[in-house]
Amino acid sequence: MRIAIASGKGGTGKTTVAGNLAVALARQGRSVHLCDCDVEEPNAGLFLDPFFTRRWLVTVPVPLVDQDLCSGCGQCAEVCEFNAIACLPDLTLIFPDLCHSCGGCWLSCPAQAITQEEQPLGEIATGLAGNLGFTQGRLQVGQTLVPPLIDAVKKVPGDESWVLLDSPPGATCPVVTILQDADFALLVAEPTPFGRHDLALVLALARQLDIPCGVVINRSEGNDGPVERLCLREGIEILARMPFRREVAAACAEGALAVDADPEVAAAFSGLLSNLVAREVRT
């Protein structure tokens, strides 16, 4: 299964759930690969201490204009939906930070004055974290085009039976990129009115993409009213409730694993794992 761990807001515990779930699966002898797809702020490695065996740079093509060949017709600017090209009377300007590398400009140029050059986007690092595979992407400072780097991270896992995709927060293009070919979405929420609001956003996105999903309530204190009512109304199963423990918070602040810090949290992850394995069998 390819499972995307997502939420509508930051700070709900996506990385905590993804990292501990990956470790729990690996400790059962399952083949697991965890991908940290939050390429703007990759931090799953802080908990798993991976050993990277390979690193490489990811690039994207951006237009390069030969001003001597350019006739200034403006056709390239017309086809660009992202305003990455401006045609002045004597000069055609390219704004690489706005370019989405769609290729429309160099395909439509009647004078063939536009070619491509590769622009560095970010770095991918892959290796092992104990007995599980681990990959992360890191967006280069100054870059804003996130989806191509996420796509490159997602392509790294090989034939592992379980691939976990730790997502960035929100319900925007990067999260769409992660969810669109996942088998299942694990939506992490905190039991507050804000948590309910943002869970509703990412739940709507998962349904728009026709991705089956379930909910993990993190930092549960037994009164999960706002989130629980939303799940009941929408018919979404609550797969696990992670109890709120000061000891777990302290352990995570030190970079330790929640499953090793508290037996109740470990039991909650064991229950979550059983639910997901049952789904794997059904699929």
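## Charge distribution and overall form

The chain carries 20 positive and 34 negative charges, and the mean positions of the two sets are 10 Å apart. The structure is a predicted model, and the values below are computed from it.

The chain contains 10 helices and 11 strands. Its C-alpha trace extends over about 70 × 45 × 35 Å along the principal axes. Half of the chain is shielded in the sense that 50% of its 283 residues count as buried. The exposed area amounts to about 13500 Å², of which carbon and sulfur atoms supply 52%. Where contacts in the chain link residues at least 6 apart in sequence, 75% of them join residues at least 24 apart.

## Helix α1

Helix α1 covers residues 14-27. Its 14 residues should span 20 Å at 1.5 Å a residue, and because the end C-alpha atoms are 20 Å apart, the expected and modelled values agree.

Of these 14 residues, 12 are buried, so α1 is largely enclosed by the rest of the structure. The buried set begins with Lys14, Thr15, Val17, Ala18, Gly19 and Asn20, and continues with Leu21, Ala22, Val23, Ala24, Leu25 and Ala26. After the helix comes Gly29, which has a positive phi near 85°.

## Nonpolar cores

In soluble globular proteins, nonpolar side chains tend to be buried together. In this chain the largest nonpolar core has 39 residues, and those with the most contacts inside it are Ile3, Leu34, Leu186, Leu272 and Leu276. Helix α1 provides the largest share of this core, namely eight residues. Apart from this core lies another, of 38 residues, which includes Ile150, Ala189, Ile217 and Ile236.

Leu34 illustrates the surroundings of a residue in the largest core. When residues up to four places away in sequence are not counted, Leu34 touches Ala18, Gly19 and Ala22, each of which is among the buried residues of α1. Further contacts of Leu34 are made with Ala44, Leu48, Leu132, Gly133, Phe134, Thr135, Leu164 and Asp166.

## Strands β9 and β10 and helix α8

Ala185 belongs to strand β9, which comprises residues 184-189. This residue has 0% relative accessibility and therefore counts as buried, the limit being under 20%. Beyond its neighbours within four places in sequence, Ala185 is in contact with Ala4, Leu179, Ile211, Pro212, Cys213 and Gly214. Glu78 is separated from Ala185 by 107 residues in sequence and by 38 Å in space, taken from C-alpha to C-alpha.

Asn218 is placed in strand β10, which runs over residues 213-220. Its relative accessibility is 10%, so Asn218 counts as buried. With neighbours within four places in sequence left aside, the contacts of Asn218 are Thr12, Gly13, Val188, Ala189, Glu190, Pro191 and Met242. One of these, Ala189, is also a member of the core of 38 residues.

Helix α8 spans residues 225-234, and Gly225, Pro226, Val227, Leu230 and Cys231 are buried in it. The buried residues of α8 pack against strands β9, β10 and β11 (238-243) and against helix α7 (193-208). Just after α8, Gly235 adopts a positive phi of about 70°.

## Exposed loop residues with positive phi

Asn83 is a residue other than glycine with a positive phi, near 55°. It is located in the loop between α3 (75-79) and β4 (85-87). Asn83 counts as exposed because its relative accessibility is 59%, with the limit for this class at over 50%.

Asp210 likewise is not a glycine, yet its phi is positive, at about 60°. The loop that holds Asp210 lies between α7 and β10. Its relative accessibility of 66% means that Asp210 counts as exposed.

## A partly exposed position in helix α9

Ala249 is found in helix α9, which consists of residues 246-253. With a relative accessible area of 42%, Ala249 is partly exposed, whereas Ala185, at 0% relative accessibility, counts as buried. Between Ala249 and Gly137 there are 26 Å in space, C-alpha to C-alpha, and the two are 112 residues apart in sequence.

Definitions and conventions. Residues are numbered from 1 along each chain as its sequence is written. This is a predicted model: local features need pLDDT of at least 70, side-chain atom pairs count only at pLDDT 80 or more; totals for chains, interfaces and linings use all residues. Side-chain values use heavy atoms; hydrogens and water are left out. Helices (H or I, at least four residues) and strands (E, at least two) are DSSP runs, numbered from the N terminus. Buried means under 20% relative accessible area, exposed over 50%, partly exposed in between (1.4 Å probe, protein chains only). Contact means heavy atoms within 4.5 Å. Accessible areas come from the Shrake-Rupley method with a 1.4 Å probe; for residues, only the protein chains shown count as cover. Lys and Arg count as positive and Asp and Glu as negative; His and the chain ends are not counted. The place of a charge is taken as NZ of Lys, CZ of Arg, CG of Asp or CD of Glu. The expected span of a helix is 1.5 Å times one less than its number of residues. A nonpolar core is a set of buried Ala, Val, Leu, Ile, Met, Phe, Trp, Tyr and Cys residues joined through side-chain atoms within 4.5 Å.
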